[in-house]
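Hi,

Here is the structure I promised to pass on. Have a look at it first, and then read my notes underneath.

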Amino acid sequence: MTEQLVDSTRATALRGTRVMIVEDDVLLLMDLEAILREAGAEIAGGCRNVAEALVAARDCDIAVAILDVRVGRETTAPVARQLASRGTPFIFYTGQVENDPQLAEWAGYTILSKPARASAIVDALAGVLHRN
Amino acid sequence: MLVPDRQSDDATVRRLTQELDLMQLRLRTVREESESANEELRAANEELQSINEEYRSTSEELETSKEELQSINEELQTVNSELKLKLEAVSRAHSDLQNLMAATDIGTLFLDSDLRIKRYTDRITDSFSITLNDEGRPITDFAHQLEYEDLVKDAQIVLADLTPIQREVRSRGGRWYDVRIRPYRTVENKIDGVVLTIIDVTDWHQVNLTLQASEQLLQQKQHLVDLSRDPIFVWDFDGGLVEWNRGSEELYGFTRDEALGKRKEDLLHPTVPGSSFAQLKAKLLQDGSWAGEVWQKAKDGRDVIVETRLHLENFNNRRLVLESTHDVTASRAIERRLRLLLSELTHRVRNTLAVIQAIARHTLRNSQSKEDFVARFEGRLAALASAHTLLVGSDWKGADLAELARQQLAPYITDNPDRLRLQGEPILLPADLATPFGLILHELATNAAKYGSLSVLSGTVSVSWTTSRRNNERLFKLVWMEGGGPRPSKSKADGFGNTLINSVITGAHVEREFRPAGFVCTLEIALPEVADDGAVGGLH
């Protein structure tokens with residue numbers, strides 16, 4: 001048997017949506033890609049460092065993004081700023097503590113803590129997508 | 001003329017001649033007498049005249065004397081008035097003196113050159129039991145209340161040497177007296193005895209003792225302040241530093257001489273996090289005290305973080321600030337590091353949980369049954385755990401590849417560890433590669449155990465690797481070669497390992513060969529440059 005971790009109600013929540021993932025841990029990257037595909041999304045890019053992510057944010061047609069806050073030794077803040085300036089919605093998915101100073105800049109944005117349920121991830125992305 | 005009868009006339013003539021003779025005799029006598037009387041008168045007259053002269057001169061002298069006497073009288077009267085005035089003055093002086101003595105409470109004893117009592121003031125009776133009747137008696141007759149055995153001897157010395165002696169002595173009653181013995185000089189500078197003055201200085205003595213005690217206490221406190229390793233200093237609110245202890249010298253590097261007189265702001269450049277030094281001063285003025293964290297600079301430019309307490313005091317028309325600081329630079333640094341570590345820990349834990357979650361989700365998706373899930377999941381979790389153990393053992397610097405390979409294959413080659421052959425120079429995989437690599441090796445090993453060489457006792461696995469440089473990149477090539485097992489076929493196993501390999505090795509080479517001798521997998525990836533402290537990516 002194969003199990004879907006994204007339930008049927010969410011199976012089309014992100015249908016046709018081009019999603020960019022910024023995450024340096026391969027396993028988590030794989031995991032997110034699998035979940036998003038199950039929700040009908042298209043993976044526009046899975047970036048493991050800030051340089052890649054900036055390129056993808058600029059060049060790829062992205063509808064929504066999910067960003068880890070810390071990739072390698074860098075912070076994804078530049079990527080977030082880039083996306084914000086283009087009006088592209090995004091959420092943060094992070095292992096940082098809630099009151100991390102790096103997140104202070106992003107009060108009011110959706111910040112999801114690791115580990116999160118598949119449904120929570122999909123809901124969060126759908127949420128910011130439809131807010132716009 | 002009558003002619004007298006001759007007889008009668010003769011008788012009368014005879015009688016008359018006799019009378020005449022007599023008369024003539026008498027006359028002669030008288031004449032002689034008269035002459036002598038005359039002479040006498042003359043003499044007397046002369047005497048009288050001379051007496052008269054004398055009287056006259058005497059009278060003149062008397063006159064002169066009288067004038068002299070008059071003038072003397074006048075003088076005497078003047079002198080008398082003067083004397084009266086002097087007497088009044090002396091009397092007043094005497095009253096003043098008595099009042100003075102009474103007011104100053106000084107016991108005074110006047111002794112003559114034989115040390116007999118001449119006079120004394122009342123106060124003396126506190127120390128000597130003498131009464132007015134005793135004037136004239138030698139002082140040695142009397143006992144005194146003072147613990148001063150040599151009193152009489154000293155008096156004698158003063159009388160002899162004419163130099164004053166002063167001593168502070170106790171009385172039997174426990175009071176303290178300042179005793180001074182001086183020679184008694186008359187106005188003609190003649191020595192006429194000695195004067196003893198006794199002043200009760202008990203209070204002064206007490207004050208002195210208290211003062212000495214205070215001074216000792218002050219010294220003690222001063223030593224304490226100097227012993228303190230913490231800076232304790234005092235500055236004038238409107239000026240420079242007035243006190244600077246050894247602790248200050250040690251922490252800030254400025255010696256006492258360098259610090260005193262300078263303004264604290266100029267020396268230490270204090271800043272208050274979230275505020276300013278000016279605001280600190282304002283608050284200090286308002287509240288009289290201030291406590292908190294201040295950042296300062298030492299003489300050598302070093303940043304110093306201190307916890308400080310300030311206290312404003314008015315002293316002699318100056319506003320002085322007493323300040324004591326405590327160096328917390330090190331502990332703040334430690335706190336900062338701790339916070340960072342905690343944050344780091346949280347991050348790692350959450351990430352690890354997310355990884356486990358990812359593995360669980362993937363395994364769940366691709367399991368054929370509950371038992372299948374459990375077996376796979378437990379296997380992967382164990383692989384993850386042992387990879388982590390290696391990382392922890394190296395303080396997250398990385399995992400030794402050879403050790404990782406041994407670990408991941410261990411469950412499958414317990415009977416004969418030599419079934420695994422490793423070849424390659426020691427290489428430390430960075431932490432973010434170690435975990436996926438561990439899982440990859442686990443997958444390769446699991447597959448080999450299920451379908452490949454490790455499924456038979458004679459089967460072997462050889463893992464070899466090399467590193468090289470190309471275009472400023474460190475390239476890593478690993479070859480997994482199975483042998484001595486059944487002929488391989490494309491496995492039906494889930495693509496976890498494959499997916500993982502593909503994800504890990506972005507922009508590099510993966511080859512899977514199903515050779516007759518055994519499955520061969522070749523990975524070629526670019527390794528990130530390792531940082532100086534051995535840590536890579538996400539570990540700060």
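One term before the rest: a residue is called buried when its relative accessible area is under 20%, exposed when that is over 50%, and partly exposed in between. By that rule B:Lys283 is partly exposed, because its relative accessible area is 41%. Please also keep in mind that this is a predicted model.

B:Lys283 is a good place to start. Its side chain makes a salt bridge with B:Asp287, and the closest N and O atoms are 2.8 Å apart. Both residues belong to helix α7 of chain B (residues 277-287), where they sit four residues apart, about one turn of the helix. An α-helix has 3.6 residues a turn, so residues three or four places apart point the same way. B:Asp287 also counts as partly exposed, at 43% relative accessibility.

You'll find a similar arrangement in helix α10 of chain B (residues 401-409). There B:Arg406 and B:Glu403 meet in a salt bridge of 2.7 Å, N to O. They are three residues apart in the helix, so about one helical turn separates them. B:Arg406 is partly exposed, with a relative accessible area of 40%, and B:Glu403 is partly exposed too, at 30%.

How many salt bridges are there over all chains? A search of the whole structure finds 40. Some residues are linked in a network of them: B:Arg263, B:Glu265, B:Asp266 and B:Lys281.

Now for a pair that links the chains. B:Arg365 forms a salt bridge with A:Glu38, with 2.3 Å between the closest N and O atoms. B:Arg365 lies in helix α8 of chain B (residues 329-365) and A:Glu38 in helix α1 of chain A, so this pair joins two chains. Are these two residues buried or exposed? B:Arg365 has a relative accessibility of 11%, so it counts as buried. A:Glu38, at 10%, counts as buried as well.

That brings us to helix α1 of chain A, which covers residues 26-38. This helix has 13 residues and reaches 18 Å from its first C-alpha to its last, close to the 18 Å expected at 1.5 Å a residue. Of those 13 residues, 11 are buried, so the helix is largely enclosed by the rest of the structure. Among the buried ones are A:Leu27, A:Met30, A:Asp31, A:Glu33 and A:Ile35.

Both ends of α1(A) are worth a look. At its start, a side-chain oxygen of A:Asp25 comes to within 3.0 Å of the backbone nitrogen of A:Leu27. Just after the helix, A:Gly40 takes a positive phi of about 90°.

Last, a pocket. The second largest one has a volume of about 460 Å³. It is lined by 16 residues, and the closest to its centre are B:Gln98, B:Met101, B:Arg119, B:Tyr120 and B:Thr121. Which element gives the most to this lining? That is α1(B), with five residues. Helix α1 (6-104) and strand β2 (117-120) of chain B each supply at least two residues of the lining. Sorted by class, the lining has eight nonpolar, three polar and five charged residues.

If you open the model with these notes beside you, I'd go to the pair that joins the two chains, B:Arg365 and A:Glu38, and then to the pocket.

Cheers

Methods:
Residues numbered from 1 in each chain as written. Chains lettered and ligands numbered in written order. Predicted model: local features only at pLDDT ≥ 70, side-chain atom pairs only at ≥ 80, totals over all residues. Heavy atoms only, no water. 1 Å grid on protein atoms, 1.4 Å probe; cavity = no way out; pocket = protein on both sides within 12 Å on 5 of 7 lines; lining within 4 Å. Points joined across faces, edges and corners; volume = space filled by probe spheres on them. Nonpolar A, V, L, I, M, F, W, Y, C, P; charged D, E, K, R; others polar. Expected span 1.5 Å × (residues − 1). Buried < 20%, exposed > 50% of the residue type's maximum accessible area, 1.4 Å probe, protein only. Polar contact = N/O pair within 3.5 Å; in protein donor to acceptor, adjacent residues only side chain to side chain. Salt bridge = Lys/Arg side-chain N within 4 Å of Asp/Glu carboxyl O.
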